[in-house]
Amino acid sequence: MSARPGPVPPRRPFTVLWLQSGGCGGCTMSLLCAEAPDLSATLASANIRFLWHPTLSEETGAEALALFDAVLSGEAPLDALCVEGALLRGPNGTGRFHMLAGTNVATIEWVRRLAAVAEHVVAVGTCAAYGGVTAAGVNPADACGLQYDGRRPGGALGTAFRSRSGLPVINIAGCPTHPNWVTETLMLLAAGLIHADDLDIYARPRFYADHLVHHGCPRNEYYEYKASAEKMSDLGCMMEHLGCLGTQAHGDCNTRLWNGEGSCTRGGHACINCTAPEFEEPGHAFLDTPKIGGIPVGLPTDMPKAWFIALSSLAKAATPERLRRNATSDHVLTPPAVRDIRKR
């Protein structure tokens with residue numbers, strides 16, 4: 001008789017260390033809104049364990065530093081280093097605008113040390129990915145992303161950086177990022193299911209970045225007929241006059257709703273393309289649509305200008321009166337007609 005196989009040893013948890021740098025903490029606040037299931041249940045279901053998080057962990061001071069030392073020595077394996085917030089290089093490249101308390105070592109240096117031993121490195125939010133709002137304006141703190149400085153490769157870790165997995169920094173861009181983008185990325189990494197071709201040209205996970213915010217927008221019927229809103233409370237499409245970039249912005253915000261029911265455009269606000277590098281400085285007010293000769297400068301993704309002009313003219317000519325009236329109202333003035341399908 002063959003011996004019965006022994007019990008399968010428990011799988012080691014997928015470990016995550018989370019650092020916060022120059023930012024508002026909004027991505028952590030967003031992460032706490034994960035639901036169906038909640039954050040702790042989601043992480044537990046995938047055997048993901050946070051070694052430390054500056055907001056969520058009990059360890060502080062010497063306890064946290066002892067954990068960092070254990071990670072650097074290899075005593076505590078680190079599967080994913082998550083960084084939230086831009087990295088501050090100033091003043092004069094010293095990083096001393098942001099020191100890790102009690103260490104006399106700049107946070108950017110701690111990030112570099114920990115990134116060198118991590119299996120994966122993840123930028124959580126557009127600030128950590130590309131610099132984001134923290135790097136806007138004259139940028140006195142010399143803020144940048146982990147592996148990008150705006151649209152330019154480089155950043156805190158440099159263009160050539162690869163984690164121990166062989167991957168570049170994985171940029172979960174968004175301001176803030178969707179909680180499920182974070183949890184799904186960590187779950188895919190824990191299962192070994194993210195490879196180089198699963199990231200787009202800005203190293204964003206393609207499971208959300210291959211979608212456009214336009215997909216699933218409840219204002220799409222207005223967009224199709226170019227029935228445009230003229231002020232913020234109007235129901236119509238916000239692309240033509242109110243600066244909406246949903247037809248160009250990469251994200252599944254209108255199909256993977258926030259808190260189960262919302263998105264920027266569903267809440268009546270134009271999409272500002274917060275998953276893109278340098279979204280924070282579009283060169284005009286967020287709620288303005290720059291135009292040349294009456295044609296928006298930023299056309300929908302993959303749409304040649306000549307086609308847009310032709311289709312826009314036809315669509316405006318064919319706009320149903322219902323949409324024309326409702327587009328510039330804050331409530332439905334004319335409901336859709338009831339058509340008996342048996343009499344068509």
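The legends below describe close-up views of a predicted model.

**View 1. The cysteines that UniProt lists under "binding site".** In an unreviewed entry, UniProt lists C24, C27, C127 and C175 for this feature. Although these residues are spread over 152 residues of sequence, they cluster in space, the largest C-alpha distance being 10.1 Å. Of these residues, C175 is included in the lining of the second largest pocket.

**View 2. C24 in its loop.** This cysteine, C24, is placed in the loop that runs between β1 (14–20) and α1 (26–31). Because its relative accessible area is 77%, and the class of exposed residues begins over 50%, C24 counts as exposed.

**View 3. C175 and the residues that touch it.** C175 is found in the loop between β11 (170–172) and α6 (179–190). When residues up to four places away in sequence are not counted, C175 touches T126, V133, C274 and F279. With a relative accessible area of 34%, C175 is partly exposed, because this value falls between the 20% under which a residue is buried and the 50% over which a residue is exposed.

**View 4. A nonpolar surface patch that includes L56.** The residues M29, L32 and L56 make a nonpolar patch of about 280 Å² on the surface. Of these residues, L56 lies in the loop between β2 (48–52) and α3 (61–73). The relative accessibility of L56 is 39%, and L56 therefore counts as partly exposed; this value also meets the requirement of over 30% relative accessible area for residues that make up a patch.

Technical notes:
Residues numbered from 1 in each chain as written. Predicted model: local features only at pLDDT ≥ 70, side-chain atom pairs only at ≥ 80, totals over all residues. Heavy atoms only, no water. Patch = residues over 30% accessible without salt bridge, like charges linked within 9 Å, V, L, I, M, F, W, Y side chains within 5 Å. Areas by Shrake-Rupley, 256 points an atom, 1.4 Å probe, with all protein chains shown as cover. Salt bridge = Lys/Arg side-chain N within 4 Å of Asp/Glu carboxyl O. Helix = DSSP H or I, 4+ residues; strand = E, 2+ residues; numbered from the N terminus. Buried < 20%, exposed > 50% of the residue type's maximum accessible area, 1.4 Å probe, protein only. UniProt positions renumbered as here; feature names shortened; annotations may be inferred. 1 Å grid on protein atoms, 1.4 Å probe; cavity = no way out; pocket = protein on both sides within 12 Å on 5 of 7 lines; lining within 4 Å. Contact = heavy atoms within 4.5 Å.
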